[in-house]
Amino acid sequence: MEIKKTTRIFCKLYLFIFFSFNASIILFAQLNKSHMEIDVGLIVDMGSWEGRMMQSSISMAISDFYSVNGYYKTRIVLRTRDSKGQHLLAISSAFDLLENFNLKAVIFIGAQSSVETKFLGELGEKAKIPIISFSTHSTSPFSNKLYPYLVQIAQDETSQVAAIAAIVEAFKWRNVITIHEDNDEWRVFILHLVESLQDKSIHIAYKSSLAVSSADNQINEELIKLMAFGPTVFIVHMSPILASRLFMSAKKLGMMKKGYAWILTVNSMNTNHLHSSRSFEVMDSMQGMIGLKSYVPPSKELHNFTSRWRKKFLLETDMEVMELTPFCIFAYDVAWGLAKAVEWARPKEILLTEILLRSKFKGLSGDFQFINGKLVLNAFEIVNMIGKGERRVGFWTPEGKIAGEVYSSIHGRELSLSNTSGGLEDIIWPGGSATIPKGLVTKMSSRKLRIVVPGNGGFPELVNVDRNIQSNVTSATGFCIDVFKAAIEEVELELEVDYEFIPFVNATEENIRNYTYDELIDGVYLQVTHTIHINLIVTEEKLLSNFSRFVVIVWMFVVLILTSSYTATLTSMITVQQIQLNSKENYIGYQRHSIAQGIISNLNFKNSSLRPYSSPEEYANALSSGSKKGGVSAIIDEIPYIKIFLAKYSADYAMIGSTSTTNGFAFAFRKGSPLVPYLSRAIAKLRKNEKLMELEHEWFKRQSTFASEDDDPSSAVKPLTLDSFRGLFLISGVSSALAPAVLYSFKLYKIWHFVKNFNLRDIMWERIKFVKEYLYKQLESRCKKSTSEGPCELRVEV
């Protein structure tokens with residue numbers, strides 16, 4: 001009885017479990033049928049390798065995500081449109097998808113202009129859906145705050161230009177030439193690159209641009225122009241289509257031989273395109289180049305995905321691709337993150353963009369996260385084009401360092417420098433050379449240097465510019481102009497430099513008199529012109545003798561004491577004069593639009609007591625009138641201007657105090673200009689051979705008068721005189737005389753030991769005989785040339 005009862009209980013339990021299991025299966029199947037489909041638009045150029053590869057990666061990411069998360073209630077459905085590489089078609093495709101589907105997001109793949117990116121941002125704002133923009137070139141300037149629905153996945157141009165500048169600096173190249181594709185977005189990248197290079201004092205000798213539609217003969221003409229600079233360093237930033245044509249033309253012209261160096265940006269390093277288009281010719285022309293590639297840390301998951309992706313892509317296209325690009329891996333992670341965000345945002349659809357931007361997980365590319373609406377990318381690989389592919393020679397890390405090796409975690413992107421790596425591995429340069437190219441520029445530029453000349457009507461002795469508007473000819477004269485011309489003549493012995501003077505004019509083409517130094521320097525910074533004044537730099541020698549070092553050390557102490565004493569004394573003079581002038585409520589004059597106004601302000605003079613003037617004649621009138629009659633009691637200005645004034649009015653006025661507060665006049669060049677060291681050496685040479693002094697005498701005519709403070713009975717500060725430093729000069733003179741005396745005493749001692757072993761009488765007699773023979777031969781020679789006036793008697797008496 002008990003057995004039957006137990007059997008019935010087990011049977012009921014079995015039936016309950018059986019029906020419950022079947023009910024769960026049916027319920028699960030019904031739940032699967034009730035998945036919420038989420039439409040996501042995908043606009044991509046299916047005719048390009050990059051587009052097809054990224055579309056395949058996105059499809060695999062969505063499939064992989066739901067195979068792992070089968071219990072999710074949402075399913076992304078891709079609504080794909082082919083842009084065919086046409087911007088207008090891509091935009092119209094976005095409108096078509098929005099009209100025909102209830103899109104929750106749009107993925108936009110392809111190179112985009114700033115106008116197109118702006119349109120996408122506004123489209124997302126209007127539709128209130130995230131627009132995920134994959135751009136194959138540098139990041140657009142639009143921020144997440146301006147367009148909150150725009151999610152950007154692009155190369156970080158800031159990091160890329162920093163990496164290129166670091167490479168150039170690592171090889172100690174001081175001059176480079178850039179070659180870029182001629183459109184607004186590529187030009188913006190070059191501007192950032194120029195700034196990054198100039199921060200490291202690297203000069204861009206020339207910026208070349210080519211349109212993507214350029215014919216082969218146009219490319220050849222531009223390259224022939226660049227060949228005039230000689231073997232140097234070229235930085236290439238353009239689309240792979242144009243880059244491949246450029247490289248093949250450069251190869252034919254002989255610009256891929258020893259001495260040349262080529263650096264390619266990430267955009268120019270799209271090796272899949274290069275492999276697909278005339279593979280052998282293109283790769284052969286790229287031998288020895290170095291370039292940047294986005295770095296993805298290796299992992300087991302990445303290896304497995306790459307293997308599956310290759311098989312799938314081969315089945316779909318019947319074509320074997322050489323490499324899975326980093327952007328395809330980024331696309332996989334973005335699609336994975338979007339699928340996760342869609343599930344979390346399902347109850348609150350309006351938050352999808354916010355949830356996506358907050359996503360953070362371990363993806364195939366490493367740590368996946370956004371900052372300011374932009375995906376954080378990894379370091380860069382530095383590769384060397386060798387044979388049929390490239391060889392990694394090092395890395396550039398986000399910390400701004402170059403290393404031959406980095407360590408990374410298996411899943412993440414945590415990077416650290418190898419302790420054993422001192423830099424890049426050995427590189428094979430163009431022409432198969434292992435020698436690092438010098439990167440010299442034999443010709444400064446194929447264009448003239450534009451030298452801006454400011455108008456200064458009050459002091460034409462320094463700079464005077466006269467421009468004939470009808471003939472458009474500018475003539476410039478003055479002391480500064482002559483110094484510049486003399487320096488350029490010295491520079492031209494080493495470099496070919498062509499220049500022209502440009503007057504500093506306003507919008508009405510009139511010469512500007514009321515300019516400021518800031519306005520001049522802004523023109524140089526914007527690379528409109530160079531500025532002309534004078535810059536004196538002292539370098540010409542290494543000390544080899546200990547005696548020389550001893551003398552120089554003494555001199556250094558003397559100079560230190562002298563400068564300290566004079567600085568203190570002159571400061572006291574100015575302070576006393578300042579108190580006197582302020583206490584008497586006198587007016588002070590200064591040169592209009594000069595740095596003298598700032599100097600006077602630092603001396604705490606009242607602004608109400610300052611009066612500006614523009615010429616020596618105005619100075620004289622103001623000083624002769626005095627403060628009580630509408631003039632001034634003193635003029636404070638830079639010494640060169642005061643010298644010009646005193647050359648005309650020295651009989652009535654004198655310079656009673658001076659202090660050096662600036663480095664004087666200068667030739668202002670843009671940072672990184674290669675002309676700077678040449679011009680500095682030229683001016684130093686002019687100073688050494690006293691050419692500068694000659695020019696100063698020629699223009700300033702006579703020496704300025706410097707009056708002693710003793711002339712002013714009210715002055716409480718006595719000037720420094722020679723007697724003030726008698727002891728100091730005595731020490732300096734004794735040490736300077738003692739050093740050569742000791743040195744030559746050692747030499748005389750050695751000579752004495754050398755000659756004392758010889759008979760002095762024999763030595764003197766041998767020398768007398770030598771002189772006698774020499775004189776006899778001279779007389780004999782003259783006798784032979786004499787006429788027949790009689791016999792010639794030869795006699796040499798000692």
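# Helix packing and sheet layout

In this structure, strands β26, β25 and β27 form, in that order, an open sheet of 3 strands with parallel pairing. Its edge strands are β26 (610-613) and β27 (634-635), each of which pairs on one side only. Please keep in mind that the model is predicted. Below you will find more on this sheet, on another sheet with mixed pairing, and on two helix pairs.

**The sheet with parallel pairing**

- Strand β25 (residues 588-591) runs parallel to β27, and 2 bridges join them.
- If you would like a residue to look for here, Gly589 stands opposite Ile635 in β27.

**The sheet with mixed pairing**

- An open sheet of 8 strands follows the order β7-β6-β8-β9-β10-β15-β16-β17, and its pairing is mixed.
- At the edges stand β7 (203-210) and β17 (402-403); each has a single partner strand, so one side of each is left without a neighbour in the sheet.
- Inside that order, β10 (residues 290-294) and β15 (residues 380-386) run antiparallel and are joined by 5 bridges.
- Leu292 stands opposite Ile382 in β15.
- Helix α7 lies across β6 (175-181), β7 and β8 (233-237), and α7 runs at about 170 degrees to β7.

**Helices α5 and α6**

- Two packed helices are described by the angle between their axes and the distance between the axes.
- For α5 (residues 157-170) and α6 (residues 184-198), the axes come within 9 Å and cross at roughly 45 degrees.
- The two helices are therefore oblique to each other, and α5 passes α6 in a right-handed crossing.
- On the α5 side, the contact is made by Glu157, Gln160, Val161, Ala162, Ile164, Ala165 and Val168; α6 contributes Val188, Phe189, His192, Leu193, Ser196 and Leu197.
- Sorted by class, the contact of α5 with α6 has 9 nonpolar, 3 polar and 1 charged residues.

**Helices α7 and α8**

- The axes of α7 (residues 216-227) and α8 (residues 240-252) cross at roughly 60 degrees and come within 10 Å.
- α7 and α8 are therefore oblique to each other, and their crossing is right-handed.
- From α7, the residues Asp216, Ile219, Asn220 and Leu223 meet Leu242, Arg245, Leu246, Ser249 and Ala250 in α8.
- The residues of this contact between α7 and α8 divide into 5 nonpolar, 2 polar and 2 charged.

Technical notes. Residues numbered from 1 in each chain as written. Predicted model: local features only at pLDDT ≥ 70, side-chain atom pairs only at ≥ 80, totals over all residues. Heavy atoms only, no water. Axes fitted to C-alpha atoms, helices over the stretch in contact; angles between N-to-C directions. Helix = DSSP H or I, 4+ residues; strand = E, 2+ residues; numbered from the N terminus. Parallel < 35°, antiparallel > 145°, perpendicular 65-115°, else oblique. Left-handed = near helix turned anticlockwise from the far one by under 90°. Contact = heavy atoms within 4.5 Å. Nonpolar A, V, L, I, M, F, W, Y, C, P; charged D, E, K, R; others polar. Pairing = 2+ DSSP bridges.
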